[in-house]
Amino acid sequence: MKHVFYASAAALALTAGMAHADGHLKFAPGEGAFSWDSFEALKSMDLSGEKISILGPWLGPDKELIESVIYYFEDATGADVEYSGSDSFEQQIVIDTEAGSPPNIAIFPQPGLAADLASKGLLAPLPAETADWIRDNYAAGQSWVDLGTYAGSDGTEALYGFFYKVDVKSLVWYVPENFEDAGYDVPQTMEELKALTDQIVADGEVPWCIGLGSGGATGWPATDWVEDMMLRINTPEDYDAWTTNELPFDDPKVIAAIEEFGAFARNDAYVSGGAGAVATTDFRDSPQGLFASPPQCYMHRQASFIPTFFPDGTEVGVDADFFYFPAYAEKDLGKPVLGAGTVWGVTSDSKGAQAFMEFLKSPIAHEIWMAQKGFLTPHKGVNTDVYTDPTVAKMNDILLNADTFRFDGSDLMPGAIGTGVFWTGMVDYAGGKDAAEVAASIQATWESIK
């Protein structure tokens with residue numbers, strides 16, 4: 001699923017209104033809380049006359065935002081960078097690389113396609129020291145190295161992908177006023193979240209709103225639940241093995257994660273409308289119960305995009321807020337975060353391409369977008385004071401505090417699984433089918449496409 005961030009009116013106003021006098025640089029060098037030293041350092045690279053082409057999925061406002069970052073690289077180095085956005089990026093990059101006319105750099109919405117191109121020898125590996133830099137400078141650094149490491153055409157693994165701009169899914173949304181009126185505290189562990197769920201029921205209320213409906217994509221919200229639960233009861237290595245089927249879908253570890261989701265979604269007392277309504281409630285309508293009077297539910301687990309579907313006028317941070325979907329204290333698996341993001345790779349190597357990839361390490365490359373809207377980063381060296389939207393800043397804190405980050409599992413699986421029987425299987429499970437039976441059916445499909 002491709003999602004967008006909710007942006008506050010203040011952030012949107014900033015985007016529209018703050019432009020440097022030259023018409024390109026949004027923020028004048030030397031002003032504000034930006035890491036201008038990292039911008040000045042770029043000037044040691046003389047790339048005059050160097051042309052760099054970049055192809056990515058961003059159009060409209062996001063195209064303007066990435067271009068606002070690119071301008072700083074051009075200004076400091078003298079390079080000429082051309083970004084092109086495509087709403088059929090996945091098809092276009094395959095056509096361009098196989099035809100021998102790729103851009104210098106490609107921005108992949110998920111790592112699977114980058115790994116495919118690397119396996120065909122169509123991506124250039126990043127410098128060896130990049131992996132160490134990521135480990136040292138990104139929160140949950142090893143996770144980002146793992147997600148960008150693929151086998152090349154000779155089978156040798158190397159770092160090909162660099163993550164820049166990510167999204168967070170491990171969030172629970174609530175209405176602070178409702179919590180305050182009822183005397184509830186934000187839970188810090190999964191044990192506390194389950195205790196709160198039971199407390200709300202004991203108080204005669206309904207704790208959760210859950211909806212899986214999404215037209216032809218019905219079921220995907222449940223896959224996010226299961227993925228989050230996989231990371232909370234199993235190791236990151238188990239999660240990785242599951243996404244490649246090295247750990248079969250019908251393994252007891254996977255079945256247990258499905259049943260963890262079911263502990264919430266299949267309990268009539270826990271869900272608004274009862275368990276029978278979960279599969280048929282549209283995910284866009286599902287959070288409305290938070291805002292009913294009296295509340296139809298108190299919590300809703302969903303990714304960072306969901307405020308788009310809150311009632312008009314809802315102010316995030318005031319009328320609605322979120323907390324980290326917590327981990328089990330007793331499992332000792334740290335603070336895992338589920339999410340998504342864009343991975344950058346070199347599809348036509350050049351001095352300019354390598355220099356631009358180096359630029360993505362600089363705090364300024366992150367801060368320029370952070371100061372506008374909808375940008376999360378695991379970069380520990382940025383100044384988070386540049387955020388103008390406290391909601392996005394709070395999401396970024398969750399990312400920076402993560403011990404493990406894992407990409408949406410269904411996006412890493414073959415389409416027949418991740419956007420096929422995993423979705424439909426979760427609908428069947430929510431409707432009452434046995435978890436082991438559903439898992440066995442999904443595994444059978446996976447076996448059939450190997």
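## The sheet

In this predicted model, three strands form an open sheet in the order β8-β7-β9, and their pairing is antiparallel. The edge positions belong to β8 (300-301) and β9 (321-324); each has a single partner strand, so one side of each is left without a neighbour in the sheet.

Strands of a sheet pair through backbone hydrogen bonds, which may be parallel or antiparallel in arrangement. Here, β7 (residues 171-174) runs antiparallel to β8, and 2 bridges join them. One residue pair can be named: Val172 has Arg301 of β8 as its bridge partner.

## The largest cavity

The model has 3 cavities of 30 Å³ or more. The largest cavity holds about 50 Å³ of space. Its lining is made up of Leu126, Pro127, Thr130, Phe162, Gln354, Met357, Glu358 and Lys361.

Which helix gives the largest share of this lining? Helix α13 (residues 351-359) does, with 3 residues. Sorted by class, the lining of the largest cavity has 4 nonpolar, 2 polar and 2 charged residues.

## The second largest cavity

The second largest cavity has a volume of about 40 Å³. Around this cavity are Cys209, Ile210, Gly211, Pro221, Trp225, His300, Arg301 and Gln302 as lining residues. Arg301 thus appears in this lining and is also the bridge partner of Val172 in the sheet.

Helix α10 (220-233) and strand β8 each supply at least two residues of the lining. By class, the lining of the second largest cavity contains 4 nonpolar, 3 polar and 1 charged residues.

Terms used
Residues numbered from 1 in each chain as written. Predicted model: local features only at pLDDT ≥ 70, side-chain atom pairs only at ≥ 80, totals over all residues. Heavy atoms only, no water. Pairing = 2+ DSSP bridges. Helix = DSSP H or I, 4+ residues; strand = E, 2+ residues; numbered from the N terminus. 1 Å grid on protein atoms, 1.4 Å probe; cavity = no way out; pocket = protein on both sides within 12 Å on 5 of 7 lines; lining within 4 Å. Points joined across faces, edges and corners; volume = space filled by probe spheres on them. Nonpolar A, V, L, I, M, F, W, Y, C, P; charged D, E, K, R; others polar.
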